[in-house]
Structure formats: C-alpha cells, structure tokens
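Reader: I have a new model open on my screen and would enjoy a guided look at it. Could you take me through it, one question at a time?

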Amino acid sequence: MKLEQRKKLLLRLLWFGPLVLAVSLLWPVNNGITRWLIVLGALGALVEVALAAGWLYRKSRKWFYVFIAVLVILIGWIFCPGLYSTALYDRLRNEYIHELRTYAGTRYLWGGENRFGIDCSGLPRKAMRTAFWKIGLKEGNQDFYFRALENWWFDASAKALAEGYRDYVFPLNIPGTVATGPTYFLEPGDLAITDDGVHVMVYLDPDEWISADPGQGKVVIEYPSKSKNPWFTRPVHFYRFSSLRNAGIRPKGERPAIAWKMFLKGSQTGCCLDTSDTYTENTHWNIFVSFGKDFCLHFLSEKLTSKRPTGQRICGYPVMTEGEVALICMTKISGKPLLEYNGPDAAVKKIIADSKSYAAPLFYVMPAILKNETAISTVQTYYLEASTKLEVDNQ
C-alpha cells in the first residue's frame with residue numbers, strides 16, 4: 001500500500017471514533033448497545049488525542065509539555081473531592097425542574113432519553129442527569145459528574161425505580177392517586193409511580209404535573225383538577241430522588257400544620273383514637289409524624305390550650321377539642337401514658353388518683369388538666385423532658 005493511500009486510510013479511521021460517538025449520543029434509545037458504542041467512540045476520540053499529543057511532541061516540545069500539564073490539572077480536578085451544602089442541592093433541584101420543563105412537547109419513545117424521543121422513566125432520569133452535569137460544572141462539584149455517569153450507565157424503568165434499584169429514589173410512604181394525594185407534602189421533582197410500575201409522573205407545582213404520556217405520544221404538563229387523564233386516578237406511591245435528600249426541604253411550619261389540620265378532620269379508616277388504624281392508615285398522620293418525634297411533641301404541646309372542636313373522637317366521649325386530641329397524640333408519640341405520671345406536681349397526681357374511681361379515667365383526667373394552666377405546664381414538661389427543644393412555627 002502506497003504512503004498516500006495509508007494516509008487516506010488513517011484519516012478515515014480517525015473520523016470513525018468521533019462519528020460513532022456523535023451518532024450514539026444522538027440516538028434516543030439508551031440501552032446496552034448504545035452505551036457500549038459511546039464508550040468505543042470515546043476511546044477512539046482518546047486515541048486521536050494521543051496521536052495529536054505525539055504529533056505535538058515532534059513539532060514543539062514546549063507546547064507538548066503545556067498540553068501534558070493542562071491534561072494533568074484537568075484529571076486532578078475531575079478526581080478532586082466535591083464540596084456539599086444545602087444550597088448546592090437546592091440549585092441541583094432547581095436545575096432539575098428547569099430541565100424537566102424543557103422537555104414539554106417532546107415525542108414519547110419507549111426507552112428514549114433525549115430530545116428526539118423519551119419515555120416516562122427516562123424523563124426524570126435524563127433531567128436529573130443533565131442537572132448533575134450543569135451544576136457540577138458551575139459549582140465545581142466533581143462528584144456530580146460521577147453520579148451523572150452512574151445515572152446514564154445503569155438504566156432504570158419505572159418499576160425498577162419503585163423497587164429501589166441502586167437507591168435512585170426513596171419512598172415517601174404515601175399511597176393515593178395524583179388527583180387526591182396530599183400534594184402539600186410533595187417537593188417539586190417528586191415522583192408518582194403507579195403501583196403496577198408501568199408509569200411515572202413528576203410533580204412540578206401544586207396541581208401541575210409533567211410526564212411522558214404514551215397515550216398522548218408526547219411529554220405533557222397537565223393539571224389534575226382540570227384534566228381527565230386516567231393516569232391521575234391510578235393508584236400510586238410517591239418517591240423522591242435520593243440525590244435531593246439534602247436539599248432545603250420540609251419547612252417546619254406550614255406542612256406539619258396542614259397535615260395536623262387534615263388529621264383533625266377525623267379518622268379515614270379507624271373507628272376512633274382508641275384504635276391503631278386511626279393512626280397507621282391515616283395518610284395525614286403518617287405525614288405529620290414523619291417530621292420527627294421531638295418536633296411533633298413540641299408542636300402538639302403548643303396546641304394543648306386550643307378549644308377548637310375537631311372531627312376526631314374517642315368512643316363514648318363527646319366532641320373532642322384540639323387540645324384533647326393533642327394530649328392523646330402526645331401520649332401515643334412519646335409512649336408515656338398520662339395516667340402513669342408520677343412527677344413532683346401534687347395537683348396533677350391528685351387528678352390522676354381521683355380518676356381511678358371512674359370507669360373511663362381518661363375522660364375525667366383530660367378536661368381536668370386542660371382547664372388548669374399549671375397542670376398543662378406540668379404535662380408539657382412531662383412529655384418534653386426527654387426531647388430536644390426545637391423551634392415550632394404553628395402557622
């Protein structure tokens with residue numbers, strides 16, 4: 001083979017790597033074949049970089065050493081440990097939401113993960129991956145690059161996400177439907193995955209969801225209060241990306257207050273506050289206690305003086321006030337029975353002692369304590385003595 005022919009062949013081979021890389025990146029379906037083609041294309045591009053370095057070495061030693069120095073700095077920067085903060089994860093979430101919105105109108109394609117076609121599970125994963133790249137570059141957080149690579153290499157369906165594959169997401173332990181679920185507990189970017197694992201929708205704002213809908217053949221932003229989309233009435237569970245666990249979420253005032261207010265409306269499944277189902281099967285109770293034992297006890301302690309009537313009850317007891325329900329709930333959360341109080345307050349001990357002559361002692365103790373400011377203070381101390389003082393904002 002003549003020298004000119006060899007040069008032409010080498011030139012064609014040099015184009016092969018970048019060409020494979022470009023075509024593979026543009027191909028919308030992300031599967032094992034596509035990923036390996038991208039790897040081979042990237043390796044081809046690296047070979048070209050090595051050849052370029054060899055050519056530079058022969059032509060100019062000075063620029064060759066500059067090239068090597070830049071390469072070493074770049075590699076060192078890539079593997080340098082990243083810095084973390086709540087603000088960083090806030091920016092990650094904001095970028096993730098922005099990326100989700102940019103896909104509105106993109107055609108639906110099973111297995112797709114780019115703007116030429118995308119499916120329901122690919123939409124949140126691709127948006128999160130792009131957010132990793134962008135925030136990693138802007139904030140100098142190299143760890144985000146490796147998370148983006150993991151997200152890309154290890155594909156996951158909606159069902160796999162719900163089953164905890166690679167801990168991409170964690171469950172919020174809230175069942176329901178998109179149309180009726182407690183959205184006050186959700187953060188932008190949270191996922192609703194159908195119980196059969198065939199579809200995933202992403203929460204954007206109150207009454208605003210985005211999904212790659214196979215029925216409509218594209219990515220759509222819809223409003224459950226107005227839309228008749230059947231996916232909104234399918235049973236789902238709600239999830240959050242593990243990468244957003246450290247973002248500035250769950251404000252300590254508004255959300256637990258809403259959950260508590262909804263719980264006060266009455267039992268969803270259980271008979272009354274005497275039955276365990278009243279708590280375990282009540283979505284709003286589960287949300288409320290998710291904010292932590294210490295926080296809930298301090299929150300409830302501020303409600304003991306409330307005389308507002310509620311929809312909760314104890315069998316045989318008249319309409320309960322918010323203060324009475326709070327007292328019962330403090331007993332349940334702390335695990336310390338009120339009737340077993342044996343502290344220094346003689347007045348409270350006398351109330352408890354007098355109650356023993358009644359068939360239902362608690363019916364006597366609750367109103368007797370809650371109408372006495374000193375007794376209320378004693379009960380607050382009794383339940384809060386083992387907890388850490390937290391600031392409670394009862395909005």
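Author: Gladly! Keep in mind that this is a predicted model. Let us begin at helix 14, residues 361–370.

Reader: Which residues of helix 14 are buried?

Author: Buried here means under 20% relative accessible area. In helix 14, the residues that meet this cut-off are Val 365, Met 366, Ala 368, Ile 369 and Leu 370.

Reader: And what covers the buried residues of helix 14?

Author: We can look for the elements in contact with those residues, among them Val 365 and Leu 370. The cover includes helix 12 (322–334), helix 13 (346–355) and helix 15 (373–384).

Reader: Let me step back for a moment. How many helices and strands are there in the protein?

Author: The chain has 395 residues, and buried residues make up 44% of them. Among contacts with a separation of 6 or more, 63% are between residues 24 or more positions apart. As for the elements, the count is 15 helices and eight strands.

Reader: Which residues have the most contacts inside the largest nonpolar core?

Author: In soluble globular proteins, nonpolar side chains tend to be buried together. Here the largest nonpolar core has 58 residues. Its largest share, seven residues, comes from helix 12. The residues with the most contacts inside this core are Trp 209, Trp 260, Phe 288 and Leu 300.

Reader: Leaving aside neighbours within four places in sequence, which residues is Leu 300 in contact with?

Author: Leu 300 is one of the residues with the most contacts inside the largest core. With neighbours within four places set aside, its partners are Trp 260, Phe 288, Ala 326, Cys 329, Met 330 and Ile 333.

Reader: How many residues are in the second, separate core?

Author: This core is separate from the one just described, and its members include Leu 88, Cys 120, Leu 161 and Val 169. Its size is 34 residues.

Reader: Now to the strands. How many residues of strand 5 are buried?

Author: Strand 5 covers residues 200–205 and is mostly covered. It pairs with strand 4 (residues 191–194), antiparallel, through three bridges, and with strand 6, also in the antiparallel sense, over three bridges. Of its six residues, the buried ones number five.

Reader: Which residue takes a positive phi in the hairpin of strand 4 and strand 5?

Author: Leu 191 stands opposite Val 202 of strand 5. This hairpin has five residues between its strands. The one with a positive phi, near 70°, is Gly 197.

Reader: What about the hairpin of strand 5 and strand 6: which residue in the turn has a positive phi?

Author: Here Asp 205 stands opposite Glu 208 in strand 6, and two residues lie between the strands. The turn residue has a phi of about 65° although it is not a glycine. With a relative accessible area of 26%, it is partly exposed. The residue is Asp 207.

Reader: How far apart in space are Lys 226 and Asp 207, C-alpha to C-alpha?

Author: Lys 226 is in the loop between strand 7 and strand 8 (236–241), while Asp 207 is in the loop between strand 5 and strand 6. Lys 226 is exposed, because its relative accessible area of 70% is over the 50% cut-off. The two are 19 residues apart in sequence, and their distance in space is 8.9 Å.

Reader: Is Asn 173, which has a positive phi of about 55°, buried or exposed?

Author: Asn 173 is found in strand 3 (residues 169–176), and it is not a glycine. Its relative accessible area is 58%, so Asn 173 counts as exposed.

Reader: Which element gives the largest share of the lining of the largest cavity?

Author: The search of the whole structure finds one cavity of 30 Å³ or more, with a volume of about 50 Å³. Its lining includes Trp 209, Ile 210, Ser 211 and Asp 213, and the lining residues divide into six nonpolar, three polar and two charged. The elements that give two or more residues are strand 6 (208–213) and strand 7 (218–222). The largest share, four residues, comes from strand 6.

Methods: Residues are numbered from 1 along each chain as its sequence is written. This is a predicted model: local features need pLDDT of at least 70, side-chain atom pairs count only at pLDDT 80 or more; totals for chains, interfaces and linings use all residues. Side-chain values use heavy atoms; hydrogens and water are left out. On a 1 Å grid over the protein atoms alone, a cavity is a set of points where a 1.4 Å probe fits but cannot get out, and a pocket is an open set with protein on both sides within 12 Å along at least five of seven lines; lining residues have an atom within 4 Å of a point. Grid points are joined across faces, edges and corners, and a volume is the space filled by probe spheres set on the points. Ala, Val, Leu, Ile, Met, Phe, Trp, Tyr, Cys and Pro count as nonpolar, Asp, Glu, Lys and Arg as charged, and the others, Gly among them, as polar. Buried means under 20% relative accessible area, exposed over 50%, partly exposed in between (1.4 Å probe, protein chains only). Two strands pair if DSSP finds at least two bridges between them. Contact means heavy atoms within 4.5 Å. A nonpolar core is a set of buried Ala, Val, Leu, Ile, Met, Phe, Trp, Tyr and Cys residues joined through side-chain atoms within 4.5 Å.
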